[in-house]
Amino acid sequence: MAAEINTEDYPQEIDEQLTGFDSSVTEVKTMLEKLMAMNRNDLQQKLDPLDQAKLDLMSAYTLNSLFWMYLVTQGVNPREHGIKQELERIRTYMNRVKEITDKKKAARLDKGAAARFVRNALYDAEDKDSKKKVASRRAADTTSESPQPKRPKQN
């Protein structure tokens, strides 16, 4: 685009910006051609519902962003146009999808494993040994206090 225009038609200072803009427009065009070449129904059937929502939101946001740029090129202030509210609405839905995706990725707490981890982290070997000693002493005390029945000898 910029290479086809005579450099005398615009100021030299914006030549680099126009070249960058031209390459960006070319990239967008190739991406849209790839997207338009695919059968949308086949693509939608291959995706899970969350990815379908992401694709739909991306498509809507891209289209509205291109319209925003078109308004700017026509000298219309897009901030005073209805497109601003539409882009905000799409961003709201994109945030919802992001929250859902983050919830899926979030680690789930295994309460049993957490309890075992805490119990083992607080484990004290000396404490366990002293408990065993106390229990064996109690058992010994109860057996010594109660008289043992004598068994008759068997002949």
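The exercises below work through a predicted model of one protein chain, each with a solution in steps.

**Exercise 1. The chain as a whole**

Task: Describe the secondary structure of the protein chain, and state how many of its residues count as buried, as a percentage.

Solution: Begin with the elements, where the protein chain shows 6 helices and 0 strands. Read from the N terminus, these elements follow the order α-α-α-α-α-α. Turn next to burial, for which the cut-off is a relative accessible area under 20%; of the 155 residues in the protein chain, 10% count as buried. The accessible surface of the chain amounts to about 13700 Å², and carbon and sulfur atoms hold 55% of that area. Finally, among contacts with a separation of 6 or more, 41% are made by residues 24 or more positions apart.

**Exercise 2. Two residues of helix 2**

Task: Decide for Arg 40 and for Gln 44 whether each is buried or partly exposed, and find what each touches beyond four places in sequence.

Solution: First locate the residues: Arg 40 belongs to helix 2, which covers residues 40-46, and Gln 44 lies in helix 2 as well. Next apply the cut-offs, by which buried means under 20%, exposed means over 50%, and partly exposed falls in between. Arg 40 has a relative accessibility of 35%, and therefore counts as partly exposed. Gln 44 has a relative accessible area of 16%, so Gln 44 is buried. Then list the contacts, leaving out residues up to four places away in sequence: Arg 40 touches Leu 55, Asp 56 and Ser 59, while Gln 44 touches Gln 52, Leu 55 and Asp 56. As a last step, look at the side chains, where Arg 40 and Asp 56 make a polar contact of 2.5 Å.

**Exercise 3. Tyr 61 and its partners**

Task: Which residues does Tyr 61 touch, not counting those up to four places away in sequence, and which residue shares a side-chain polar contact with Tyr 61?

Solution: Start from position and exposure: Tyr 61 is located in helix 3, and its relative accessible area of 24% makes Tyr 61 partly exposed. With residues up to four places away set aside, Tyr 61 touches Leu 87, Ile 90, Arg 91 and Met 94. For one of these partners the spacing can be given, since Tyr 61 and Leu 87 stand 26 residues apart in sequence, with their C-alpha atoms 6.6 Å apart in space. The polar partner is Arg 91, whose side chain is joined to that of Tyr 61 by a polar contact of 3.3 Å.

**Exercise 4. A threonine in helix 4**

Task: Determine whether Thr 101 is buried or exposed, and name its contacts beyond four places in sequence.

Solution: Thr 101 is part of helix 4, residues 83-105. Its relative accessibility is 13%, and so Thr 101 counts as buried. Apart from neighbours within four places in sequence, Thr 101 is in contact with Leu 50 and Lys 54.

**Exercise 5. The largest pocket**

Task: Characterise the largest pocket by its volume, by the helices that line it and by the classes of its lining residues.

Solution: The volume of the largest pocket is about 300 Å³. Its lining consists of 13 residues, of which Met 31, Leu 32, Leu 35, Met 58 and Thr 62 are the closest to the centre. At least two lining residues come from each of helix 1 (15-37) and helix 3 (49-73), and helix 1 contributes the largest share, 6 residues. Sorted by class, the lining holds 9 nonpolar, 2 polar and 2 charged residues.

Methods
Residues are numbered from 1 along each chain as its sequence is written. This is a predicted model: local features need pLDDT of at least 70, side-chain atom pairs count only at pLDDT 80 or more; totals for chains, interfaces and linings use all residues. Side-chain values use heavy atoms; hydrogens and water are left out. Helices (H or I, at least four residues) and strands (E, at least two) are DSSP runs, numbered from the N terminus. Buried means under 20% relative accessible area, exposed over 50%, partly exposed in between (1.4 Å probe, protein chains only). Contact means heavy atoms within 4.5 Å. A polar contact is a pair of N or O atoms within 3.5 Å; within protein, one must be able to donate a hydrogen and the other to accept it, and residues adjacent in sequence count only if both atoms are side-chain atoms. On a 1 Å grid over the protein atoms alone, a cavity is a set of points where a 1.4 Å probe fits but cannot get out, and a pocket is an open set with protein on both sides within 12 Å along at least five of seven lines; lining residues have an atom within 4 Å of a point. Grid points are joined across faces, edges and corners, and a volume is the space filled by probe spheres set on the points. Ala, Val, Leu, Ile, Met, Phe, Trp, Tyr, Cys and Pro count as nonpolar, Asp, Glu, Lys and Arg as charged, and the others, Gly among them, as polar. Accessible areas come from the Shrake-Rupley method with a 1.4 Å probe; for residues, only the protein chains shown count as cover.
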